[in-house]
Amino acid sequence: MSIEKIFENRVLKLNKKEENTKGKYVLYCMEASQRQEFNHALEFSIYKANYYKKPVLVVFFITDKYKFSNQRYYRFIIEGLIKLKKDLKDRGINFLIIKDDYVNGCIKLSKEAYLVVLDKNYLKTQRLWRRKVADFVDVCVYEVESDVIFPIQFLFNKSIPYAFLYRDKVEKFFDYFLLEVKQFEPIIKNNDLNIYLDNVIDFNEVQEYLNILNIDKSISTVEKYYQGGSDIANKLLKEFIEKKLPFYKDNRSDPTLDYTSNLSPYLHFGQISPLKIVIEILKYYDKRDENVKSFFNELIVWRELARNYVYYNEFYNQYEGVILWARKSLEEHLVDKREYLYTLEELEQGKTHDEYWNAAQQELLITGKMHNYMRMYWAKKIIEWTEHPKQAFDIACYLNDKYLLDGRDPNGYAGISWCFGNFDRPFKERKIFGKIRYMSYKNLTERFDVKRYLSRFLKL
Ligand SMILES: Cc1cc2nc3c(=O)[nH]c(=O)nc-3n(C[C@H](O)[C@H](O)[C@H](O)COP(=O)(O)OP(=O)(O)OC[C@H]3O[C@@H](n4cnc5c(N)ncnc54)[C@H](O)[C@@H]3O)c2cc1C
């Protein structure tokens, strides 16, 4: 395998500027792929640095001004970063955590950089950050895509409305992109780069970082349930392959059981690579195995379709992004009487008449995660209990992004949009929901016992 093959279709030059031949280092501004293993952007940086005989400088900018900045998910990030610092040091790579915003920080450090490498992200805000960096710095900027198996723009140049279309294409290119990300050895190892910045933060305890960040500390941290870090992600993956995957297909939809991987927070922050997950699984199982097919359908088809969705739909996080037939149908039913109407506060506190919904909301509040099946029920019921689907959409996004460790992710916007009709077909018309798919309380109660569901996380 040629060295470049692993980077094929994953690297894009974002501007037309030249390398700075006086630059001291190759700068990798890490954001989406917070790991040292299976990280194409990191390996690309080392590859370039070796070519130009420079060291690599990896930087993570931490700002307290991001959406819903709160100690729940900041703790998870920092837990990961502290371990990453050691992993990178062991490989001889300079790593700094800097308190600054992404654009400012990249621009400042780019002044002494030979070239800049960014990892790819798909949401509007992060795309705008990268655009600004590419426009404002004086050196060339590369963007490297490492958090998908199939580079999004390579697979499609437009939005794909149905999962089956995505699945067909994925199957066609499946083997082509399944390449181990080999690690390059930096020629110039850890060295003192003489970077004196007053905003470098270098603590060993998570709490020390949290103390200096002006973030919302009213939301509980959830380290009892999910602790950040690639080491934990790898442990969960191992457990999943050994104990859960052989039973995944039949049990993944039962929220009283724990048969899913629980990897979504780690995938969200890039603490584990989806490519690594797939390659690991295929070391033990055949890709035609029913459980593997079912898991890959979630991890690859739905997860990457979500990235396609946010990449090509400007309104992905708004009700206006819901497909027209579904919006029209929902709005034809605005006049239908709602048996229950709840305010955001009542929903947020899990104070509805429905014990199953309240239990799902408790899972979100207490653990920072929610079972996939309950997420669907949860969002569908918000539609039923609010006056307008637009209000329901906004509430679902608000709660999802505020409390979930894996929130603020393409999966969240695609998942919520699915509950409103996107990627789905019309069903028999009914009250309030019109032609969009309905999920009933009766069906849920027949399927499982709410006390068992609650006990899964309350006993912890
Ligand atoms: C209303 C609603 C909101 C959601 N919000 C989010 C969110 O904010 N962040 C998030 O990561 N997922 C979200 N999902 C998708 C899904 O519920 C979670 O990814 C899943 O529950 C994570 O648990 P797991 O890692 O144990 O899943 P597993 O079953 O082990 O799946 C493995 C991985 O596949 C991906 N995946 C699984 N199901 C889906 C799906 N339906 N769509 C896209 N990718 C999927 C995830 O990355 C997941 O980690 C949402 C779904 C709905 C219906």
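## Ligand contacts

A polar contact is a pair of N or O atoms within 3.5 Å. In this predicted model, an N or O atom in the side chain of N411 is 3.1 Å from an oxygen atom of the ligand. That distance falls within the cut-off of 3.5 Å. Two further asparagine side chains approach the ligand in a comparable manner of description: for N372, an N or O atom of the side chain is 2.7 Å from a ligand oxygen atom, and for N400, a polar side-chain atom lies 2.8 Å from an oxygen atom of the ligand.

How many residues surround the ligand? There are 27, and the closest are Y248, T260, S261, N262 and N372. N372 is thus named both among the closest residues and for its side-chain distance of 2.7 Å.

## Division of the chain

The chain is divided into three parts: domain 1 covers 1–146, domain 2 covers 147–181 + 230–312, and domain 3 covers 319–458. Domain 2 is therefore written as two segments under the automatic or database assignment of domain bounds. The C-alpha centres of domain 2 and domain 3 lie 24 Å apart.

## The interface of domain 2 and domain 3

The size of an interface is often given as the accessible area lost when the parts come together. For domain 2 and domain 3, the buried area is about 2,100 Å², with 59% of it on carbon and sulfur atoms. On the side of domain 2, the residues that lose the most area to domain 3 are P255, T256 and Y309, together 31% of what that side buries. In terms of contact, 23 residues of domain 2 meet 27 residues of domain 3.

Polar interactions also cross this interface, where 11 residue pairs are in polar contact, both residues being at pLDDT 80 or more. Helices α10 (264–268) and α12 (290–312) each supply at least two residues of the domain 2 side. Of the elements on that side, α12 gives the most, with seven residues. Sorted by class, the side of domain 2 that touches domain 3 has 12 nonpolar, six polar and five charged residues.

## Salt bridges

The structure holds 34 salt bridges, and two are found across the interface of domain 2 and domain 3. Which residue forms a salt bridge with R307? The partner is D409, and the closest N and O atoms are 3.1 Å apart. This pair links distant parts of the chain: R307 is in helix α12, whereas D409 is in the loop between α17 (389–403) and α18 (410–419), 102 residues apart.

## The surroundings of K158

K158 is placed in the loop between α5 (152–155) and α6 (163–173). Apart from its neighbours within four places in sequence, K158 is in contact with N308 and Y312. The C-alpha atoms of K158 and H333 are separated by 31 Å, and the two residues are 175 residues apart along the chain.

Technical notes:
Residues are numbered from 1 along each chain as its sequence is written. This is a predicted model: local features need pLDDT of at least 70, side-chain atom pairs count only at pLDDT 80 or more; totals for chains, interfaces and linings use all residues. Side-chain values use heavy atoms; hydrogens and water are left out. Contact means heavy atoms within 4.5 Å. Buried area is the accessible area (1.4 Å probe) that two parts lose on being put together, summed over both. A salt bridge is a side-chain nitrogen of Lys or Arg within 4 Å of a carboxyl oxygen of Asp or Glu. A polar contact is a pair of N or O atoms within 3.5 Å; within protein, one must be able to donate a hydrogen and the other to accept it, and residues adjacent in sequence count only if both atoms are side-chain atoms. Helices (H or I, at least four residues) and strands (E, at least two) are DSSP runs, numbered from the N terminus. Ala, Val, Leu, Ile, Met, Phe, Trp, Tyr, Cys and Pro count as nonpolar, Asp, Glu, Lys and Arg as charged, and the others, Gly among them, as polar. A residue is near a molecule or strand if one of its heavy atoms lies within 4 Å of it.
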